[in-house]
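Have the model open in your viewer and take a slow turn through it with me. We'll start from a single side chain and work outwards to the fold around it.

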Amino acid sequence: MGEYGMFYRGEVPELIGRPGEDPLSDRHLAATIAFGHIGILQYADDLPHMLRIYYMLQQLQSRYTTSSVAEIRYADADGNLLATTNAVASGVYKRSQIVTRYQNGCITVVNGNPNGESMVVDAYGKQFELPPNGYAGWTEDGALDVFSGEVNGHRGDYAATPAYIFVDGRGQFVRFAKAAGDGVGICRILPNGRYEVILVDNA
């Protein structure tokens, strides 16, 4: 999905986000998902950062890149989901709040709003309030659940998949359905009912 600089003209700005946010990386991942792209791993000296990129995208991408899109919807300020034709005609597409359903049952929700507005929407039976550059993805069979957004006012990341469970509290303890932590934690799901738990930087 390219480099961070692709999202800005000229020099990449120093962005300050809300608690726990990493605005450039968060926007990069949100855009990757919104466009349905295969992501690339942005190498950095920050291991937790690289692990977040990999584990938040890998299983989700294995679903949406193997299927055609069934429908794309754009959310308006009231959370109504408009078809592309209506969104373009009304200008709602400029809000960059996108819900995509794939033919294999994978669904993604992305708040790419350029003006810092939250995205409040009911998407295929799930309700979300996503901060700027927040995103979610899941499969209708319940096998996959990915979320990057705010928990009690702090940004956190979570992915529950058939291959692993990932959590990143980004410095503050956050709790999700199958994982909780204040930093990066990975639970690899191995054959024969075995698991490997990896905690990074004393998380």
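Which backbone nitrogen lies 3.2 Å from a polar atom of the side chain of Ser67? Keep in mind as you look that this is a predicted model. The backbone nitrogen in question belongs to Gln103. There's a second one to find as well: the backbone nitrogen of Asn104 lies 3.1 Å from a polar atom of the Ser67 side chain. Ser67 itself is found in the loop between α2 and β1. Leaving aside residues up to four places away in sequence, Ser67 touches Tyr102, Gln103 and Asn104. How covered is this serine? Its relative accessible area is 18%, and since the cut-off for buried is under 20%, Ser67 counts as buried.

Now step back to the whole chain. You'll find 3 helices and 14 strands in it, and of its 203 residues, 47% count as buried. Among contacts with a separation of 6 or more, 43% are between residues 24 or more positions apart.

Next, the sheet. Its 10 strands form an open sheet, and if you walk across it you meet them in the order β2-β1-β3-β4-β7-β8-β9-β10-β13-β14, with antiparallel pairing. The edges are taken by β2 (81-83) and β14 (194-199); each has a single partner strand, so one side of each is left without a neighbour in the sheet. On average, neighbouring strands are turned by 15 degrees against each other, direction ignored.

For a strand inside that order, try β7, which spans residues 135-139. On one side, β4 (residues 106-111) pairs with β7 over 5 bridges, in the antiparallel sense, and Cys106 has Thr139 as its bridge partner. β8 (residues 145-151) also pairs with β7 in the antiparallel sense, this time over 4 bridges, and here Tyr135 stands opposite Ser148. The hairpin of β7 and β8 has 5 residues between the strands, and Gly142 takes a positive phi near 80 degrees there.

Which way do the residues of β7 point? In a regular strand, side chains alternate between the two faces of the sheet. In β7, Tyr135, Gly137 and Thr139 point one way, while Ala136 and Trp138 point the other. All of them are buried: with 5 of its 5 residues in that state, β7 is largely enclosed by the rest of the structure.

Further along the sheet, β10 (residues 164-168) and β13 (residues 184-190) run antiparallel and are joined by 5 bridges. Look there for Val167, whose bridge partner in β13 is Gly185. Two helices pack on this sheet, and α1 (residues 23-34) is one of them, touching β3 (97-102), β4, β7 and β9 (154-160). The direction of α1 makes about 140 degrees with that of β4. The other, α2, touches β3, β4, β7, β8, β9, β10 and β13, and its direction makes about 135 degrees with that of β10.

Let's finish on α2, which covers residues 47-64. From first C-alpha to last, its 18 residues reach 26 Å, close to the 26 Å expected at 1.5 Å a residue. Where does α2 bend by about 35 degrees? Look at Gln58. The helix is also mostly covered, with 14 of its 18 residues buried. Follow the chain on from α2 towards β1 and you're back in the loop that holds Ser67.

Technical notes: Residues numbered from 1 in each chain as written. Predicted model: local features only at pLDDT ≥ 70, side-chain atom pairs only at ≥ 80, totals over all residues. Heavy atoms only, no water. Expected span 1.5 Å × (residues − 1). Bend = angle between axes of the 7 residues up to and from the residue. Buried < 20%, exposed > 50% of the residue type's maximum accessible area, 1.4 Å probe, protein only. Pairing = 2+ DSSP bridges. Axes fitted to C-alpha atoms, helices over the stretch in contact; angles between N-to-C directions. Contact = heavy atoms within 4.5 Å. Polar contact = N/O pair within 3.5 Å; in protein donor to acceptor, adjacent residues only side chain to side chain.
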